[in-house]
Amino acid sequence: MPPRIVARWLVLLGMLLLAFLGTVTTLNVTVYSASGFVSSYLHAVARQDVADARRMPGVTVSADGTDELLAPAALASLTDIHLIRDADDRGGRHTVLYGYTIGGSAGTSSFVVEHTGARLGVFSAWRFVDSPQSLLGVTVQNGTGVVANGVTLPTIASGRMHTYRVLTPGRVVLSHSSAYLAAAKVTALIDEPATVAQATVDIQANPAFVREVQKELDKFLAACTIQKVLLPTGCPMGEQITDRLQSVPTWSIVSYPIVTIVPGSTAGRWQVPETGAVAHLTVKVKSIFDGSLSTFDADVPFSVRYLITFADNGSPVITAE
């Protein structure tokens with residue numbers, strides 16, 4: 001082969017080698033850099049590809065917890081992912097700080113990664129030093145049934161904590177809403193790797209529950225006033241009079257008890273704590289001492305205390321304590 005052609009081939013080969021080395025260098029400072037490795041993980045989380053995110057080197061699966069919060073529908077939206085800082089910690093380690101928007105809120109997360117060698121002998125390989133899979137312990141007070149990011153979770157026993165695996169970053173909004181009960185939304189933000197976070201959902205009586213019990217209690221007390229006796233059967237009001245009655249007693253309610261509902265001592269039970277009210281009694285009497293006639297016409301204070309449970313159809317059952 002003529003020397004001129006050989007020279008051309010050598011030049012072409014050199015150019016290809018330089019182009020290859022340039023490409024490798026570019027990829028090693030972008031896609032295969034420490035920040036590129038973390039970016040790949042974050043974008044897997046953003047597209048809700050949990051399997052891909054968990055396959056990343058260093059993402060370990062904890063023996064604790066269950067995966068309900070790793071379902072795609074339970075993941076908060078992750079957008080606006082951007083690198084803030086990639087710090088070389090020496091010894092093959094980098095601390096990479098990323099910013100993002102998660103569930104509508106701005107946040108940042110820091111990841112420590114370490115160099116583990118080369119892929120295909122030329123591309124840098126990395127792994128997380130601290131696994132970005134974290135744990136969230138959820139405790140439910142005074143009831144059962146929790147919604148997380150719009151997804152209904154399996155029943156958690158009242159007063160018990162259940163642990164879920166979550167990916168960092170994660171934002172979990174927990175709540176409860178039913179016919180008679182509600183809980184204020186609780187937000188758990190997991191923004192650092194290897195986090196063990198906790199959240200408590202405190203279920204309380206909602207206004208509909210209070211209105212329903214108030215209505216039933218008012219109706220019950222109004223029915224008590226129909227009984228023309230001093231001590232209406234099964235009712236909280238009553239009056240002892242030693243004089244002889246000269247007319248049938250007449251009851252009315254001056255002020256009904258203002259209902260409040262608090263959790264009972266055991267799960268599924270609620271209480272109307274001791275609450276004062278006032279009835280009015282009118283009855284003509286004859287003194288047993290001198291035979292004089294008078295009218296007992298007075299307010300009679302009384303109090304109520306009730307236990308509330310739920311029937312199979314979900315309606316409240318009110319029982320006097």
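Buried means under 20% relative accessible area, exposed over 50%, and partly exposed in between, with a 1.4 Å probe and protein chains only. Keep that in mind as you click around.

This is a predicted model, where local features need pLDDT of at least 70 and side-chain atom pairs count only at pLDDT 80 or more, while totals for chains, interfaces and linings use all residues. Residues are numbered from 1 along each chain as its sequence is written, and side-chain values use heavy atoms, with hydrogens and water left out.

**Whole chain**

Start with the cartoon: the protein chain has four helices and 17 strands (DSSP runs numbered from the N terminus, H or I of at least four residues for helices, E of at least two for strands). Of the 321 residues, 36% are buried.

**Helix H4 and strand S15**

Select Phe209 first. At 0% relative accessibility, Phe209 counts as buried. Now add Trp270, which counts as buried at 2% relative accessibility.

Next, the aromatic pairs. Rings of Phe, Tyr and Trp (its six-membered ring) pair if their centres lie within 6.5 Å; planes under 30 degrees apart are stacked, over 60 edge-to-face, and the rest tilted. A search of the whole structure turns up nine such pairs.

Show the sticks for Tyr41 and Phe111: this pair is edge-to-face, at 6.1 Å centre to centre with 65° between the planes. Tyr41 sits in helix H2 (residues 34–46) and Phe111 in strand S3 (residues 105–119), so to speak two distant parts of the chain, 70 residues apart. Both Tyr41 and Phe111 are buried. Back at Phe209 and Trp270, the ring centres are 6.2 Å apart and the planes at 80°, so that pair is edge-to-face. It links helix H4 (residues 207–224), home of Phe209, to strand S15 (residues 270–286), home of Trp270, across 61 residues.

Add Phe37 and Phe128 to the Tyr41 and Phe111 selection, and you have one aromatic cluster of four named rings.

**Strand S1**

Jump to Leu83, in strand S1 (residues 78–90). Leu83 counts as partly exposed, at 43% relative accessibility. Leaving aside neighbours within four places in sequence, Leu83 is in contact (heavy atoms within 4.5 Å) with Ser35, Val96, Leu97 and Tyr98. Draw a distance from the C-alpha of Leu83 to that of Thr108, 25 residues apart along the chain, and you should get 9.6 Å.

**The cavity**

On a 1 Å grid over the protein atoms alone, a cavity is a set of points where a 1.4 Å probe fits but cannot get out, and lining residues have an atom within 4 Å of a point. The search finds one cavity of 30 Å³ or more, with a volume of about 110 Å³ (the space filled by probe spheres set on the points, which are joined across faces, edges and corners). To centre on it, pick Leu75, Ala76, Pro169, Gly170 and Arg171, which lie nearest the middle among its 14 lining residues. Strand S9 gives the most to the lining, with three residues.

Stay on Pro169, in the loop between S8 and S9: a cis peptide bond joins Thr168 to Pro169, with omega about 0°.

**Two asparagines**

Most residues other than glycine have a negative phi, and most peptide bonds are trans. Asn142, in the loop between strand S5 (133–141) and strand S6 (147–148), has a positive phi near 70°. Finish at Asn149, in the loop between S6 and strand S7 (151–152), with a positive phi of about 50°. Asn149 is partly exposed, with a relative accessible area of 21%.

Definitions and conventions: On a 1 Å grid over the protein atoms alone, a cavity is a set of points where a 1.4 Å probe fits but cannot get out, and a pocket is an open set with protein on both sides within 12 Å along at least five of seven lines; lining residues have an atom within 4 Å of a point.
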